[in-house]
Amino acid sequence: FGDSLADTGNLKQLSSKSNSQPPHFLFPPYGETFFHKPTGRCSNGRLIIDFIAQQSSTTQATRLKHEYFSSNDVHDHCKNILRNSLILMGEIGGNDYNHAVIAGKPISELKSYVPLVINTIVSSINELIELGAETLVVPGNLPVGCSAAYLTIYYGSDKVEYDNTTGCITELNKFAEWHNELLQTSLNQIREVHPNVNIIYADYYNAAMQFFRSPEKYGFINGALKACCGGGGPYNYNQLVACAEPSSTTCAQPETYANWDGLHLTEAAYHVIFKSLFQGTYTTPQFNSLCPTSNVQAREASSNLVQSSYSLKSSGLRPLFLWALGGYDDTQDNISHSYVKGLNKYDKIFSFGDSIADTGNLLHSGALANPVIGRLPYGQTFFRRPTGRCSDGRLIIDFVAEKYGLPYLPPYLAIAESLESKAKHGVNFAVAGSTALDAKFFYDKGIGRILWSNDSLSIQLGWFKRLKSQMCTTKQECDNYFKRSLFMMGEIGGNDYNYAFFVGGTIADLKRLVPLVVETIISATSVIKLMDNMSQMVIDDGAREVVVPGNFPIGCSAIYLTMFETQNKTAYDGNGCLKAYNAFSKYHNTQLKLALEKLREKYTRVRIIYADYYGASKALSHIPNH
């Protein structure tokens, strides 16, 4: 289902039945690259849907004849067809906004359309599920601020700002991200109602942003913004002279352009998006994890780990990420008995980070005298006593352990003298208050006095080195020990910003800190800069999966809302969160994701998974009553 991003000829068929002028995309050079003739596709060649069909060895899609629906057992037939089908629901909704912009509507007015558009998409998805659909891929919108058409419409206007890296219109891209954010929230609600249906969000936006940020890397040596085929102008787009019209021009090498006709992409660009989605990491959950028998390289179902979903049950707040699906033993805090059949992929978990993941290291470190986390009501909900966790009960890392039938991770400082006997299923190195950057950085800046802990990420990696030296010495021993391990690298970095913000640092100041924080996280993730020449230890010693979470929406946290309270109503979004601080968190996460993408290219044998803590937790402020 969808619009011109997926249409393989329906508008062509409809136009042939009318007396109106045939649309311009029914003439060359449309279709020239692959089909060597116009087919009704709005590109020079294949679309994402074509690459999906080819990947799945599926024949071309056709329409069902009307007579089919007269059979008596049509309901069962349809159920069976849909149950064994992949439903691609879109991209759809883009034109709802496009028509309004072309008609001169301001960007601010478009926001009122979004709930209506999302509700319509959701209604269609629910109807298909009722008819029997079990696997649906739902794409988000593309970064419309990078469209040659929009860039032309707003060309020369002093009302828009441009991204310095890409040249795209910032506000339009933020609008597309907002649409996508609300869509993902709605998809989470559908998952809650239909837990046995595969609802897969396809991140068209970030898959496309790869080549808008680095066009030459993907072979687009003529850039990503200028159209290959069009009627002239700075972006080769002209509303009065469409591609394929006599006075339009067409580039000689479409494969060196990302943009085809100003509104649509080239076959080469669609192929990049396809690979990122269906062979890469730009779907939630990862598409490959749900297709173990397809031609796509099979990946085990545990990649649902980073699914941006949440589950709020009648018994109280449950884990935000649908990780804890089994029962709980609320009489013990050292082991979980919620074994989940078929999900014993990992036999060890190693966790690094700060208070989001600390299960007791800060308490055991003695860094703070009589810390509040060592007293009730901390720990009252589940453990019935304080454990050193900065919450009333379990943390995300606890739910991960439960999901895979593993004991709750012991804090390293509690078992440091007995690692061989007590680290059989992993260790938690995270320390509340810790930073990604070394504590010396903050002391040099004159703010070291407010640190909760000096046990930064490099200290935690040192502990990991000590554990490794005790648990294995040879390559074979380490391979056996680490080969079924999951590494959770964070969340970390939040405190680097918290400390600086709380002593008066500005957002502009803190943005300059982000590259240092991200670089430190990346170095720890790759274990490239570990002391004593431990390069590639995680990779070479058998570990194959690393989850790297992003930061939370700090503008929605009570401490930020209290410390930075303002009478300026425009500083808050519709959910009461501070927009500027949330934008800062998104900036950090964007830089982190870009760095992780480079790391994936270097270490192709390791699955480096980005966990979208921001997007998953934003739902709590969007729809807290759900």
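**A polar contact at E134 and the two open sheets**

The side chain of E134 makes a polar contact with the side chain of R83, at a distance of 3.3 Å. This pair belongs to a predicted model, and the description below starts from E134 before turning to the sheets and to the chain as a whole. E134 is situated in the loop that links α6 (114-131) to β2 (135-139). With a relative accessibility of 32%, E134 counts as partly exposed. Apart from neighbours within four places in sequence, the residues in contact with E134 are L82, R83, V197 and N198. One of these, V197, is 63 residues away from E134 along the chain, yet the C-alpha atoms of the two residues are separated by 4.7 Å.

The strand that follows this loop, β2, forms part of an open sheet of 4 strands in the order β1-β2-β3-β6, in which the pairing is mixed. At the edges stand β1 (87-88) and β6, each of which has a single partner strand, so one side of each is left without a neighbour in the sheet. As a general point, the strands of a sheet pair through backbone hydrogen bonds, either parallel or antiparallel. Both senses can be followed from β3. The pairing of β2 with β3 is parallel and extends over 5 bridges; within it, L136 has I199 in β3 as its bridge partner. The pairing of β3 with strand β6 (residues 283-284) is antiparallel and consists of 2 bridges. In this pairing, Y201 has T284 as its bridge partner, while A202 has T283. Strand β3 (residues 198-202) is largely enclosed by the rest of the structure, because 4 of its 5 residues are buried.

T283, in strand β6, illustrates the surroundings of a residue in an edge strand. Although β6 has a single partner strand, T283 counts as buried because its relative accessibility is 4%, which is under the 20% limit for a buried residue. Leaving out neighbours within four places in sequence, T283 is in contact with I200, Y201, A202 and L277. In addition, a polar atom of the T283 side chain lies 3.0 Å from the backbone oxygen of P285.

The helix before the E134 loop, α6, lies across β1, β2 and β3 and runs at about 170° to β2. α6 also packs against helix α8 (residues 170-193), at an angle of about 35° and with the two axes 10 Å apart. The crossing of these helices is right-handed. On the α6 side, the residues that meet α8 are V114, V117, I118, I121, V122, I125, N126 and I129. Their counterparts in α8 are F175, W178, H179, L182, L183, S186, L187 and I190.

N180 is also located in α8. Its relative accessibility of 4% means that N180 counts as buried. Beyond its neighbours within four places in sequence, N180 is in contact with G140, N141, Y201 and Y205. Y201 thus appears in several of these descriptions: as the bridge partner of T284, among the contacts of T283 and among the contacts of N180.

A further open sheet is made of 5 strands in the order β10-β9-β11-β12-β13, and its pairing is parallel. Its edges are β10 (426-428) and β13 (607-611); each has a single partner strand, so one side of each is left without a neighbour in the sheet. From one strand to the next, the twist averages 20°. Within this sheet, strand β11 (residues 485-489) and strand β12 (residues 545-549) run parallel and are joined by 3 bridges. At one of these positions, L486 has E545 in β12 as its bridge partner.

These elements belong to a protein chain with 24 helices and 13 strands. The chain comprises 626 residues, of which 53% count as buried. Its accessible surface comes to about 28500 Å², and 52% of this area belongs to carbon and sulfur atoms. Among the contacts between residues at least 6 apart in sequence, 69% join residues at least 24 apart. The contact of E134 with V197, two residues that are 63 residues apart along the chain, offers an example of such a pair.

Technical notes. Residues are numbered from 1 along each chain as its sequence is written. This is a predicted model: local features need pLDDT of at least 70, side-chain atom pairs count only at pLDDT 80 or more; totals for chains, interfaces and linings use all residues. Side-chain values use heavy atoms; hydrogens and water are left out. Buried means under 20% relative accessible area, exposed over 50%, partly exposed in between (1.4 Å probe, protein chains only). Contact means heavy atoms within 4.5 Å. Accessible areas come from the Shrake-Rupley method with a 1.4 Å probe; for residues, only the protein chains shown count as cover. Two strands pair if DSSP finds at least two bridges between them. Axes are lines fitted to C-alpha atoms, for helices over the stretch in contact, and angles run from 0 to 180 degrees between N-to-C directions. A polar contact is a pair of N or O atoms within 3.5 Å; within protein, one must be able to donate a hydrogen and the other to accept it, and residues adjacent in sequence count only if both atoms are side-chain atoms. A crossing is left-handed if the near helix is turned anticlockwise from the far one by less than a right angle, and right-handed if clockwise.
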